[in-house]
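Work through the exercises below with the sequence and model open. Try each task before reading its solution.

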Amino acid sequence: MTQRRAAFLRTTAFRQTLLSAALFALSSFVILGFVYAASAGMVVRRADAVVNDEVQVLNDRFQSGGIDNIRLYILQRTVGGGDYLYLLIHPSGRTLGNLSFLPDVQPDEEGRVQFTYRRPPAGGVDDDSEKEDRIVRGQIVELPSGYRLFVGLDVDDETRLISRMLNTILAASALALALGVAAGIFVSRRFVRRLDKINNVARRVRAGDLQPRAPRNYTGDELDELSENFNNMLDRVEALMHRMRHTGDSIAHDLRTPLTRMRNRLDEALREDGDLDAREQALERAVADTDELLGIFNAILSLSRLEAGESRASIVRLDPAEIAADMAELYEPVCEDDGLSFASEIQPGLAMLGDRGLLSQALANILDNAVKYTPAGGAVTLRLRETGEGMIEFSVTDTGPGIPDVDRERVVQRFVRLDNSRSQPGSGLGLSLVQAIADVHNGRFELNEGPGVVADGHGPGLRASLCFPKAPREAG
Amino acid sequence: MRILIVEDDREAASYIRKGLRESGHVADHAGDGEEGLEMARAADYDVLVVDRMMPRMDGLSMVETLRGEEDRTPVLILSALGEVDDRVEGLKAGGDDYLVKPYAFAELLARVEALARRRDPETVRTKLVVGDLEMDLLARTVVRDGEEILLQPREFRLLEFLMKHSGQVVTRTMLLEKVWDYHFDPQTNVIDVHISRLRSKIDKPFPRALLHTVRGAGYRLQA
């Protein structure tokens, strides 16, 4: 538990929040501190200016009426109270004014002094309890004939206000910091809790359970996005695992049949004591079985390499018409031999990026299927054209049984063979290979209903199409 | 013919060796690239059969070294890899032909014999003759027993290849590679269909057949 508690302190969220809280507190401290310094300075400057003016007035009085005039002025000024403080000190020590004595303070360079005095309360002179210490700021003037005059202004209210302001500033900064830390703890604990859930899922998956998924709150925030990506990754891993298992099972299943057949033939050959011809025949068939097995292995290998992107296909700029024409030339006699009519419609002058060998192989696989599944009397057509969307499309149509809508996606998967084709030779990898080749070329492989007419054992047929992007215009 | 097999897999080597001897050839064996290089330098072989993956020195390095020494002995490279790029690499290194394991022995034999034939001084031949069948490579005409036979361009190339290797077995895979330049196996017997078309043109109207099917191996054109 202590480990858990320490965990959120180490989280990035907590550190980030803490850092921004500290920055906020610091900056508010600096800004308010500046305001404080400016206000305090303003109070001092105002007091100094006011005192200056008053000193000026007193000076004028002294010039015009001597010391008595000052006495009169001070008496007049101190009758009604007020913020002004005066103290006239006779060389003998006698004083006049509303300040009882002048404390022993050193004036600064400009002759200003600041000290606290005790103001008598408004009620009565003897009421000691109500007396308060207040701050006065003023100036000491040496008058001729040994008189000293102090003129000051009570700045206590302003100073108190400002010092209260300072306290408020400090308190506010401390509060901001404290709130920041609290928010940091809150946010990071939430963060840690959500992260823990994702980590738990990862741990369970690592332990072998592919079912759990990270919880999502669908707000689209970072963690939600992480969960989404994480879940998508798990879906993909699960699909791959599933496919691998399926492939493994399929390989075992598909290889068992020819292997069993081969074993039986070899066994039979061993028992054919006298009949050399029969033995030779059995052996030859066993070799043919082996070749079939090897063919399946080769197809699996090619497919894996293509899908892994390992086979760096030699992609070059080429004319698809040449590939189509070569394929038409290769398959036309095959179709005729099987009683199928063959036609090709090839649009010249197109250019695409591709690997001739791979593209030919894809077309050959499709044409092989067309020949294999179309009953005699049917038609096979190979077309090459530019589509409306500016893609290059190879298509092979036949008038065979076609592939039911629901199975079209499935047949492209590895080892998937539809029930009615199980009797035919084949590995169930042909169309997977076509799909992989289309992928390598950034192309699209699609199966659709063909042009066939359902009658006399003929089906709707199949239209297999391979679409590829056109090559960009040649530079130069 | 004297053939050197450079192959680290003893069992595979003895399988090839036995087969070649049964076909009337002399076959030696080297267990790795370095030994193969020494033996190829020491004796004059007609064909080298070199495995690609070997300890000490791999097949491609060995062939490259030989080619660097101006040794032009035809080389058939054997490989368990079998992807297009691998074949291109093999041929770039100086190999003359490329065969992917596993293969039928007939396929290997046909290719070895075809390679040995290539060694004959490459005189520019403008005319190929097998029995009463004649091919004019310049005029692109084929005549049998004085009668001109019209062939499609591909049929012409197919017949040309067969005539250049007359008396030898050529396999379906060889034809697909050399005549069509395809390096994959179509499931349907496309080659058989094309051969039978050619046969109907060059053999059918005549009393004696020249184009023979060799069971379990391929075809042979022979007078």
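**Exercise 1. Place Ala47(A) in its element and decide whether Ala47(A) is buried or exposed.**

Step 1. Ala47(A) sits in helix 2 of chain A, residues 12-79. Helices are DSSP runs of H or I with at least four residues, strands are runs of E with at least two, and both are numbered from the N terminus.

Step 2. The model is predicted: local features need pLDDT of at least 70, side-chain atom pairs need 80 or more, and totals for chains, interfaces and linings use all residues. Residues count from 1 along each chain as its sequence is written, while chains are lettered from A and ligands numbered from 1 in written order.

Step 3. Ala47(A) is buried because 24 other C-beta atoms lie within 10 Å. The cut-offs are 20 or more for buried, 12 or fewer for exposed, and partly exposed in between, with C-beta atoms placed from the backbone.

Step 4. Leaving out residues up to four places away in sequence, Ala47(A) touches Arg137(A), Leu153(A) and Val155(A). Contact requires backbone-placed C-beta atoms within 7 Å.

Step 5. Val136(A) is 89 residues from Ala47(A) along the chain, yet their C-alpha atoms are 9.2 Å apart.

**Exercise 2. Find the strand order of the open sheet in chain B.**

Step 1. Five strands pair in parallel, in the order 2-1-3-4-5. Pairing takes at least two DSSP bridges.

Step 2. Strand 2 (26-30) and strand 5 (97-100) of chain B are the edges, each pairing on one side only.

Step 3. Strand 4 (residues 75-79) of chain B runs parallel to strand 5 of chain B, joined by four bridges. Leu78(B) stands opposite Leu99(B) of strand 5.

Technical notes
Two residues are in contact if their C-beta atoms, placed from the backbone, lie within 7 Å.
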